[in-house]
Amino acid sequence: MKRRHFVKLSAGSVALPMVLQNCMFHDRDGNAGILDTGFDRPLPLPEEAGASLDLNPASQRTSILEGKTTSTFAYRSNILGPTIRAFRGEMLIASVQNALSEPTNVHWHGLKVPANMDGNPVDIVKAGESFQYSFPIDQRAGTHWYHPHPHGATARQVHTGLAGMLIINDDEELALGLPAGYFEVPLIIQDKRLKAGKLVYDPSMMETMAGYFGQTITVNGVVSPFHEVQGRWYRFRILNGSTARVYNLALSPNLGMKIIGSDGGLLGAPEDVNEVLLGPGERLDVLVDFSAEPVGSEVYLESKKFNGGSSQGAESFKIMKFIIGASSGDTFQPPGSLSVIDKIPENQATKVRNFEINRMGMMGSGAMHTFNGKSYKRGRVDETVKAGATEIWEFDNAGDEIHPIHIHAVQFQILSRTGGRNGIIPSEKGWKDTVLIFPKEKVRLIMTFPDTPGGFVFHCHNLEHEDDGMMLNFEIV
Ligand SMILES: [Cu+2]
């Protein structure tokens, strides 16, 4: 039986004119707040694929909401793509046959790959054409993902279903004996906008400014699923594959989690948290202990309210449900240390670059989303970086929106965050490729660029902002 109710926005929680609030938070059916569909569908687990595989982006049909079917895009199956699992040292060989009626490509988010394999917006696979991505996997274990990157269409293609997880394993991680197999669960969290059960992607100008928020939260392509777990430790690899929505993840009631990894792989040591922010494009690797929960009880993965500027964090809502089964007699104990994160010394940096994230311009007065006043232009080189150089990049957000900034080709370390939340959160203590920059925050990143020349992009991973031009080119020379 289907149950649906509306979680109302708390009055006065957002300091915006009511007209603007209505534009941002009501979908075209007039729904405000997140739809709760009863948590009565089982969590689907994407099929797994090895390092050599076929991906065929194509139009499909599936049921996101029970009893309704909708058009989707998928790399395989009906929505999303397989979870690719590769071991460090393997070649990743992905043959992409574009069966869509529009151009697409594949960006390997988090992976260090040659420029011509990175899914740059200029490297497009046209409708009906094919391309073979091929590159060695030469980086530490981590949770990554892949998605399209055709400029102006990225958000719609991701929202319509093109995304998948990509896991790199290595000897260091294997030696930790972390929960695996049935006890290692990928969770791809995405908000979707549905109208009469059909996916719609039609952002208004207001939604291009703030982000396109869906009122239906899916995990692995299904609305508010449930998952039966045993009373033991689990490992969850969590990806925020939403176009704009930031989640403040928590387990209720009263169950914390141990963060063991983020974008670029394992942290130095586990970090105990009760809640953690996860922005679009970011990943989390967490351990959760269900062993103290009564058999038959329910635990919810939720997003809690947070202070997220003018358009995010105003409501709390449930994402999925775990139903606790019998204890399995598991003897796993989380390791006290996980890896070694060698800090890049600041004095190794040979250049500091500053990027001002501009306040959105008034409508009709030019670009709304820019770095240093510039928006994306195909073929223009905006920054030139010496091969192998270590640099500090500073992003200063004077505006009212959250921007998750993603830099291709590198994993970086976060040196500092000043203003706003003033500090680095536990999940940011390791290697990162995407960083949340809240209103009034300035974040300093340090990174060492690849030794090989080539053109890459960096951009906001609020995909509405990105498609609106919040992306620049950098050339490694
Ligand atoms: Cu942005």
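The C-alpha centres of domain 1 and domain 3 lie 24 Å apart in this predicted model. The domain assignment of the protein chain places domain 1 at residues 41–169, domain 2 at 177–327 and domain 3 at 346–476.

**Interface of domain 1 and domain 3**

Contact between the two domains involves 24 residues of domain 1 and 21 residues of domain 3. Together they bury about 1,700 Å², with 57% of this area on carbon and sulfur atoms. Zero salt bridges are counted between domain 1 and domain 3, whereas 15 residue pairs across the interface are in polar contact.

On the side of domain 1 that touches domain 3, the elements that give two or more residues are β10 (107–109), β12 (142–147) and α2 (154–159). The largest share comes from α2, which supplies four residues. By character, this side of domain 1 divides into 10 nonpolar, 10 polar and four charged residues.

**The copper site**

The copper ion has three protein donor residues, listed below with their donor atoms.

| Donor residue | Donor atom | Distance to the copper ion |
|---|---|---|
| His403 | ND1 | 2.0 Å |
| Cys460 | SG | 2.0 Å |
| His465 | ND1 | 2.0 Å |

Along the sequence, these donor residues follow the spacing H-x56-C-x4-H. Histidine 403 belongs to strand β31 (residues 403–407) and histidine 465 to helix α5 (residues 463–467), so the pair ties together parts that are 62 residues apart in sequence.

Terms used:
Residues are numbered from 1 along each chain as its sequence is written. This is a predicted model: local features need pLDDT of at least 70, side-chain atom pairs count only at pLDDT 80 or more; totals for chains, interfaces and linings use all residues. Side-chain values use heavy atoms; hydrogens and water are left out. Domain bounds come from an automatic or database domain assignment. Contact means heavy atoms within 4.5 Å. Buried area is the accessible area (1.4 Å probe) that two parts lose on being put together, summed over both. A salt bridge is a side-chain nitrogen of Lys or Arg within 4 Å of a carboxyl oxygen of Asp or Glu. A polar contact is a pair of N or O atoms within 3.5 Å; within protein, one must be able to donate a hydrogen and the other to accept it, and residues adjacent in sequence count only if both atoms are side-chain atoms. Ala, Val, Leu, Ile, Met, Phe, Trp, Tyr, Cys and Pro count as nonpolar, Asp, Glu, Lys and Arg as charged, and the others, Gly among them, as polar. Donors are N, O and S atoms within 2.8 Å of the metal (3.2 Å for Na, K and Ca); water is not among the atoms, so sites may look incomplete.
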